[in-house]
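Student: I should like to understand the terms used to describe this structure. Could we go through them one by one?
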Amino acid sequence: MVRKAIAWFKSQLPRLDPTDLLPLGIEVNKAAVICGNASTPNLLILEFKEAEGTFGIVPSKSKFDIHKQLLNIKFKNVSSHYVDNTSFQSPMAEFGQKVDEKVKNSNLRPYLSYHAFSKLWRRLKLSRLVKSEPSKWIQAHGVGIRAWWRTNKGGEIISPVGPEALKLEYAAERHVLEAPELELLYYADVVGTVPPLEAQIRTGSADFEIGNGDLAPEWGAEIIVHGGFVRYGPWADRQRTELQRVFFPPSYHDMQPTAFLRPGDKRMWTTLKVFVELRGGTTLHIPFREASKNWMWDGLVDVPRPKTREAAHIHIKAGDGSTISYTVPMVISPGGYEGQLEVHLDDVGVTSTLNDIRLLKAESCRVRCEMPTPLAWNAERLWSFSISLRQPVFYLIRDHINMFTDLAKDWTSGPPGDYYRFVPMRYAAKVDFHKYEINTYVNDHNIIDKPLLKDENALMTFKGTSFRTKIDIDSSKFRPICTDVPFWIETPDVTVDLTLP
């Protein structure tokens, strides 16, 4: 009788479905997100002054999924920057090696569950390793990018001179992103179960087919950046690498293909799609160190030099409506998986620190990258890049060769890799120009006073309807003595003009 009374009482109560509370409104004032830990030399901070949006659900594309979750937020006055991590001790690999040595010396089993390892952590007092002596990384790199800088009485920064000055990160730009407004739409299907064979629907697409029985569940994010200014160069990319190792550490283990789903199994996301739209014009600022001018700062010669060593930089401006699309597979096929990146830029303009000269102006730029990853973690892989420029106009001087050489040296600088973690790579780049014009300055003694005035310079101009080239870069050998970079160029019906002042 008691059970029946309880059941009757429950049946009289109103049923509350949490989805009935949706959509929810979101308002945030002045917030920050910090990324990093004691294993990253710098922390990435994302700040915004104001945010408002909604969280709700809508029907999924597939009837076999429960619903689609949507998070739509608009951020105001967004900025992202790096700060020195005062709690930094050592990279994760170095700290993990210390823990591994400590566990091996304890004569315990090398493979433990999380619960057993937490007990071992407390028993062996492994937390003391975090607060131990400075790591080899700190001893080799120092803490802070301005460790070698000094200032005069007026507060002006003075760059040092000498061999150690060549290691200075004078091209570091800590402010990565500034945007007056940023919109984020995050969506994810709440997956259902795989239907019986007789109820499954053929989608006609063999990509990422693992037996979902219908259109795969959707998962991704769409970002709209209004009037963004991005500062991203070799130094920022090295910090990105450290953060990536923390959030997505490489396993150095072979992968296994994803098992084919059977009726009754939970359906599975097959891809993560990230789409970025650039509105109102966006600028990419690339600062980098100039290795070709190290001779002025190594202290071996006495030459006139500025008090502060300034970094070189390249500015890339993209017009309204430019887009970036990145697709990350969430399933593994027998051949591995392949990430794809597509960049569409309209009204492109490129300038540099050399003579305040415009390097490139183009109607549009299209970049497509295919980045396959095989099952074996150390198997050779081929990444291909296709770059297409429509109606490009180039203005080139001899110093641009040194500039791009310095950029490549700075981007590839860093500590040498480990042989036992080496992954052989091959890169293939295809470049197409449609209706191109290449202007090269051929002034006497390479003296260019007014680069923007054609009547004041000697120009050799190459024009044509098609310019194609392919470059192959082989990085499949560990620290080779030399590397060959084969390439070919095809330019039919080219016209050459010589303009004299």
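Tutor: Let us begin with the aromatic side chains of this predicted model. Phe 394, Phe 433, Tyr 436 and Phe 467 form one aromatic cluster. Over the whole structure, a search finds 13 aromatic pairs.

Student: What makes the pair of Tyr 252 and Trp 377 edge-to-face?

Tutor: The ring centres of Tyr 252 and Trp 377 lie 5.3 Å apart, and pairing requires centres within 6.5 Å. Their planes stand at 85°, whereas edge-to-face requires over 60 degrees; the pair is therefore edge-to-face. The two residues are 125 apart along the chain, with Tyr 252 in the loop between α5 and β9 and Trp 377 in the loop between β14 (358–373) and β15 (381–390).

Student: Are Tyr 252 and Trp 377 called buried, partly exposed or exposed, and why?

Tutor: Buried means under 20% relative accessible area and exposed means over 50%. Tyr 252 has 33%, so it counts as partly exposed. Trp 377, at 21%, is partly exposed because its value also falls between those limits.

Student: Which kind of aromatic pair do Trp 383 and Tyr 427 form, and how do you know?

Tutor: Trp 383 and Tyr 427 are edge-to-face, with 6.4 Å centre to centre and 90° between the planes. The distance is within 6.5 Å and the angle is over 60 degrees, so both conditions are met. Trp 383 belongs to strand β15 and Tyr 427 to strand β17 (residues 425–441), 44 residues apart. Trp 383 is partly exposed at 23%, and Tyr 427 is partly exposed at 28%.

Student: How do you know that the charged end of Arg 421 sits over the ring of Tyr 252?

Tutor: The charged end of Arg 421 is 5.6 Å from the ring centre of Tyr 252. The distance criterion is within 6 Å, and a position within 35 degrees of the ring normal is also required. Arg 305 likewise lies over the face of Trp 297, at 5.8 Å from the ring centre.

Student: Why is the contact of Glu 178 with Arg 231 called a salt bridge?

Tutor: The closest N and O atoms of Glu 178 and Arg 231 are 3.4 Å apart. The cut-off is 4 Å, so the pair qualifies as a salt bridge. Glu 178 lies in strand β6 (residues 175–190) and Arg 231 in strand β8 (residues 229–231), so the bridge ties together parts 53 residues apart in sequence. Glu 178 is partly exposed at 33%, but Arg 231, at 18%, counts as buried because its value is under 20%.

Student: What makes Arg 468 and Glu 490 a salt bridge?

Tutor: Their N to O distance is 2.6 Å, which is within the 4 Å limit. Arg 468 is in strand β18 (residues 459–475) and Glu 490 in strand β19 (residues 487–490), so parts 22 residues apart are tied together. Arg 468 at 35% is partly exposed, and so is Glu 490 at 34%. The whole structure holds 24 salt bridges, and a network of them links Lys 61, Lys 68, Asp 189 and Glu 218.

Student: What makes Val 301 eligible for a nonpolar surface patch?

Tutor: A patch residue needs over 30% relative accessible area and no salt bridge. Val 301 has 37% and counts as partly exposed, so the area condition is satisfied. Trp 295, Leu 300 and Val 301 make the patch, of about 350 Å².

Note on methods. Residues numbered from 1 in each chain as written. Predicted model: local features only at pLDDT ≥ 70, side-chain atom pairs only at ≥ 80, totals over all residues. Heavy atoms only, no water. Patch = residues over 30% accessible without salt bridge, like charges linked within 9 Å, V, L, I, M, F, W, Y side chains within 5 Å. Areas by Shrake-Rupley, 256 points an atom, 1.4 Å probe, with all protein chains shown as cover. Salt bridge = Lys/Arg side-chain N within 4 Å of Asp/Glu carboxyl O. Buried < 20%, exposed > 50% of the residue type's maximum accessible area, 1.4 Å probe, protein only. Phe/Tyr/Trp six-rings, centres within 6.5 Å; stacked < 30°, edge-to-face > 60°. Helix = DSSP H or I, 4+ residues; strand = E, 2+ residues; numbered from the N terminus.
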